[in-house]
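User: I'm new to reading structures and would like a close look at one part of this one. Could you pick a stretch of strands and walk me through it, then show me a few other spots for contrast?

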Amino acid sequence: MNDVLIQARDLNRSYHNGREQISVLRGLSLELRRGEAVAVIGPSGSGKSTLLNLLNGLLPPDSGELRIFGRAHSELTDNDWAELRRTRIATLFQDGNLIPTLTVSRNVAFRAGLAGLQQHNGEALLQHLGIADTAHRYPDQLSGGQRQRAALACAFAMQPELILADEPTGSLDYATAQRVAPLFFDAIRERALGALIVTHNPELAQRCDRILELREGALRPWDSAQSS
Amino acid sequence: MNKKKNSLGRLLLLLMLLTGCAKDDSHESSFTALRDPPAGFKQAAPGMTVRLPQDMGAHPQYRLEWWYLTANLHSADGQQFGVQWTLFRNGLHPGPFKEKEPGWQRNEVWLAHAALSRPDDHHFAGRGARGGTGQAGVAAQPFKAWIDDWQLDGVSADIWKLVVKAEDFSYRLQLRPQLPPVMNGEQGFSAKSSGGGGSMYFSYPYLAIEGEVEVGDEKFEVSGQGWFDREWSSQYLNPDQKGWDWMALHLQDGRHLMVFRVRGAEDFYSGTLVSADGSARTLDAQEFQLQPIEYRDSRFGEVPVVWRLKVPSAQLDLEVRSWPGDYWNPGTLRYWEGPVSISGSHTGEGYLEMTGYGS
Amino acid sequence: MGLGTVFLSHYRRHPGQLAGLLLILVCAAMLWSGVRSLTGSAENAVAKSRAALEPLLTVERVDGRPLTVEDFARLRRAGLCASPRLEVRFATDTPDVIGLDPLSAACLRQYSAQDRQGEDSGAAVAKKLIAALDRPLLLGGAADLSRWQRLALPGTEDFEFEQLDGLPRGQLFADISVAAELASTGRSKLAILLPASALQKSVLPAGYRTQVEDYGVEPSPLVNAFLLSLDALGALALLVAALLVRSVYRFALEQRRRSLVILVRLGVQPGKLRLALIVEVLLVALIGGSLGLWLGERLASAMADGFQGTLSSLFSVDTLAKSSPSTETWLGMVLILVLIVGWACLDLLLQRRDQWGAADSGVGTGRIATRKWRIVVALFLVAASLLVLLSSSTLSLIFAATMGCLIGVGMLLPELLNALLARAERHCQQPLLEWSCSEMRALCRLLSLPLTALAFAIATAIGVQAMVTGFESTFARWLDQRLQGDLYLDPGEVVATEEWKGRLRQLPGVTAVLPMLRGRALLELSQTTESPADELPVDVLAVDPASPLLQDWPFLSAVASPWTELPTRGVLINEQLARRKSLAVGDQIRFRLGAELQSREVIGIYADYGRPEGELMLPLALVPDSLPNRYSTFVLGVDDLDKIPWREWPEQYPWMAGSRLRDQAGLKRAANAAFIRTFQMTKMLNGLTLALAGTALALMGLVIFRLRQGSYTLLHVYGVPRKRLRRRLIAHSMLVTGLLALLATPLGVFLGWVLVARVNPAAFGWALPLHLYPGFWLQVWLVCLLIGAFVGLLVGNPVRLETLKNE
């Protein structure tokens, strides 16, 4: 039972753009288990970011059922979602959002602190990710790859159970992406985390257990033969 | 300046309280002085004539009279100035007065207005004095009119000197009457309505003027021409009459013209045309047309500032246009006194006076 | 589709920015014009109150004959603004009739010297008299009217009577002609009065001379000091306004950076861009500035009007400055605009090509170096300015040094805030607290200019409040010092002091008599002196040290009980003398009183506001009869001024004939009323400065917080609930403004000190006391906290998911 981290059935979500109502997600269903890495690909504008925001409680679905860690979304208040995001769900962004006014090590400590963890192995994490020398630098002083790795360190420092990643290698060049990706997956496998990764990068997608395509508002298994 | 305004205001407050009744401030009652029946004062009537030089002096038997100068002056570099100087005498009790020596009386009140105008610029000062002290007065022979340190002095038969000093302007002028005085109306009795009532009124239509004007920090040597009015009465207006419009014009061809319109139930028109040689002719309502053609939204309401004056028999078709700006003289009895320029069949300059307008 | 369209498109997309820009400019312009207008009003009010307090002169004939109507006419014809007063006295116990000429009474601005109630009863009298000019009217209090009617003088049957409150007891007012009619039945005296200022415009004709009828009160030096400080305040307001505008432009440019960068990349020459930016700056500044100027005048006159109803003022409505902005105000506005444009352009001009593409780095290393340099410069500036301030006594240097201090502190304040918050950040255990500190640091950095402006506004408010309150209390004390006791008696000639003291003491109702003997003495400056150059002429004031009327004498420093020491060994000197000759308590001085040489110890220094002369205070017993310029006046304490017929004393007692008596308390009241308005207006200035700086800060704060939404949203993603974030935001805002207020308070105290303890002595030779008013500080702090809370509340929801998309 604790294995199923995400259970989504028939989710709908639309946006209002002036007078129009744009339906982004229509009847979307998804299941994610612990230790599973799922890639979501799709054309831009298909609602991938919206999906992520639904899954971590930043946006509510218009209709449908969503269960996170076994709890129905209708039971969860704002504060409950916040707690989940603090302690169990880590979100990674394309640009590796870090708090710009704190150094890297303080960023890591901050995340751990938010999660309520007294001890944290921030230095070890940084070391492991190969950015120990950036510990006292500020995010805007790092390169893209270093920033992404620092974001990874922050995410892992809070010891999450679920990782939601939005184009984690989107702003990295090929070589750097090649270097960051294994770190990412190693950590996921090691800690038996569930991960939902939105990506363009086919190599990254290949490393995942499943590849889903977000098309016309719903998820289907991706068929490489149908790629257009 | 403020203290002068206050004293002027208070005096004009007085003007409206001659009969000693209601102490209210309304604009309407401010004209009682001009409208009330004579009540013991002598009244101007048809058949009375003007005798000079005695009638240049004061007439204590009458209630209200004035010595009124308006002048259009220019400096050497072409700047224009308008000058007004008026001395009013307001009788509280009919004269002549038994007290011959100077003393503290309450028989009459003297009031003076002095103004200096430029296009879009108007300066005003007032003085007030009670009669009987010597502080103000008029002598007929030699002619002298004074109040405090303002003085119009007949230095000799054909030279008058005017000295006026106020807070923000002053002038010293020499006036020379070039034409003999003209009698307005019927030999000096000027009716103000068709139903009787009016004043004794004569004018010096053309004074050649020279002198100095000081305004602010600047001094100017000026010269030009002026019109001098001498008028006395005990009841100017009928109860239905609201006010008048008066103008004195100097034309390029050497002629001078005075016209006025008294506004009431039925408007009353009269005028005097003076030819270059000094001969004068009274104009009655049929002989000329006076019409306002343009109004200006001034500080105290709309006033007609541009007029059309046609005197067919004299081949005159004039447009009389006020200078830009506001030329209101303050007080309870507010009136407009401003310079005008003339165009049309003839060119020239003059002065426009309007009473009874505004809120 | 030109450059202009691209520029305008930015505002079309972000109309709020243009509105905000204009609004802040309007605020700054309002501040400037409001301050100028109020300062102008205050100056007018001061001029009017000066007039109200000026001395009144009577004219007399040189040959000593009584005055007549002709004299009046002669004086008027000489151009003097004179007004007659005919006093008719009847049997005792009947009120006098005072005849006035209402037509010339307006000459005397201080119309009735017996204006006890502070009402303008003088004006009311004149108004009624002129309305009734043609009939005999008597005005007065009810009791006096009935007493007079009982006289039933012949020929007065048709007299009218009207009761008028606020007139002095024992006097009825009438037109001078009415009084003249009554003159035959009583004793009459004609006086002709002139305001002292009339002699500045015209010359008295030959055969006449003037005498002081009423000394009035000469507040000029005090007033001048006050006006000088007002001007300083105006300059400060200008500084605040300039800062506000500058911060707005800096900020607006930052907003545009992205589109500007793109334009440069597209190939638009930076020079053309700069030009376009400058034109835009000028246009917006002109529009916002003109609107603000007009609004500021309206606001200022509305504020000034609001006080009219509550104060019984001596001024008429017309005199309040309600005119359109003066040339000076326009010039000032143009000056601000030019400065701003120059300042903004400097930024633009200095921006090199490579910098057009640089992202705004928050805390880069290059910046740290610049910051360190700035701190050093600022510290140096402050130190140097303080040095100059403490040592110099030249007014212009003092102003320059103050400006230097302000600029230095202005540069340091944001750094100080930053340092304090950084310290707090380091010591934070809780992660969110640490984040809060870093957020606030970012806030301070982004808002550094408007915060500095607010700091200056706070400092100005505190400094000016201290100055005004100092002036108020000083003025009150100065009046007390000048107008002690209940009655002031000037004998009109040199008299025997002791003899008079004895006689005065025996007058009914008199409880205390303080003789004040004045004269001149020579202060010896060196030990070996024979030449007159070593002697300084000083005034001498001799009093009876035991008199109870010597209270409230303001001592700056003194021995334990100076009044008891004075008769035996000491001398008191005034502040001016102490400063000029660097004397202190305990010094020995030698002085010559007439022929006698004295040596005494200085036992006290007293404040003597408003006089340039040095003065020695001595006991009466010490002063010889041969003292040069010896003249005695007396201050009397009475038990009930209303019940005592003190006005009749000069007639009643032959030895007092020719004396002049003055009601001290009434004059004090009149003078106070005159100055209350001035002080009120200055306080309004304060309020205006603070309010507008706060508004501008609020406006900018709103925009800045929008910018920071990304930070808060990130935290929301990290798992901090929305409500908590909202509360935090409000707390951040309040903390920043609150902290700023705390830091700015010492600056305000400093400003106040400069105004009273350095500017004043440099300009006038005497210092004002500096008082601290923590109550006022609390108010200011509260206001700042409120501003912070208001901004925080206005921002609303700090979470915006769109901000997650781009960094």
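Analyst: Here is a walk around one strand and its partners, followed by a helix pair, a single residue and a chain contact.

Keep in mind that this is a predicted model. Let's start in chain B with strand S22, which covers residues 335-344. Strand S20 (residues 316-322) of chain B pairs with S22(B) in the antiparallel sense, over five bridges. To find that pairing on screen, look for B:Glu319, whose bridge partner in S22(B) is B:Ser343.

Next comes strand S21 of chain B, residues 328-329. S21(B) also pairs with S22(B) in the antiparallel sense, this time over two bridges. Here B:Asn329 has B:Tyr335 as its bridge partner in S22(B). S21(B) and S22(B) make a hairpin, with five residues between them. Check out B:Gly331 in that turn: its phi is positive, at about 135°.

Now go on to strand S23 of chain B, residues 348-355. S22(B) and S23(B) run antiparallel and are joined by eight bridges. If you want a pair to click on, B:Glu337 stands opposite B:Glu353 in S23(B). These two strands form a hairpin too, with three residues between them.

For contrast, hop over to chain C and its helices H13 (residues 395-426) and H14 (residues 431-446). They pack at an angle of about 170°, and their axes are 8 Å apart. An angle over 145 degrees counts as roughly antiparallel, so that is how H13(C) lies relative to H14(C). Where they meet, H13(C) brings residues including C:Pro414, C:Leu417 and C:Leu421, while H14(C) brings C:Cys437, C:Met440 and C:Arg441, among others. The residues of this contact split into eight nonpolar, two polar and four charged.

Still in chain C, zoom in on C:Leu793, which sits in helix H22 (residues 774-795). Is C:Leu793 buried or exposed? It counts as exposed because it has 12 C-beta neighbours inside 10 Å, and the cut-off for exposed is 12 or fewer. You can also find C:Ala731, which is 62 residues away from C:Leu793 along the chain, with 9.9 Å between their C-alpha atoms.

Finally, look at where chains A and C touch. Chain A puts 23 residues into the contact and chain C puts in 21. On the chain A side, the elements giving two or more residues are helix H2 (78-87) and helix H3 (104-114). H2(A) gives the most, with six residues. That side of chain A is made up of 10 nonpolar, six polar and seven charged residues.

Key: Residues numbered from 1 in each chain as written. Chains lettered and ligands numbered in written order. Predicted model: local features only at pLDDT ≥ 70, side-chain atom pairs only at ≥ 80, totals over all residues. Contact = placed C-beta atoms within 7 Å. Helix = DSSP H or I, 4+ residues; strand = E, 2+ residues; numbered from the N terminus. Nonpolar A, V, L, I, M, F, W, Y, C, P; charged D, E, K, R; others polar. Buried ≥ 20, exposed ≤ 12 C-beta atoms within 10 Å, placed from the backbone. Pairing = 2+ DSSP bridges. Axes fitted to C-alpha atoms, helices over the stretch in contact; angles between N-to-C directions. Parallel < 35°, antiparallel > 145°, perpendicular 65-115°, else oblique.
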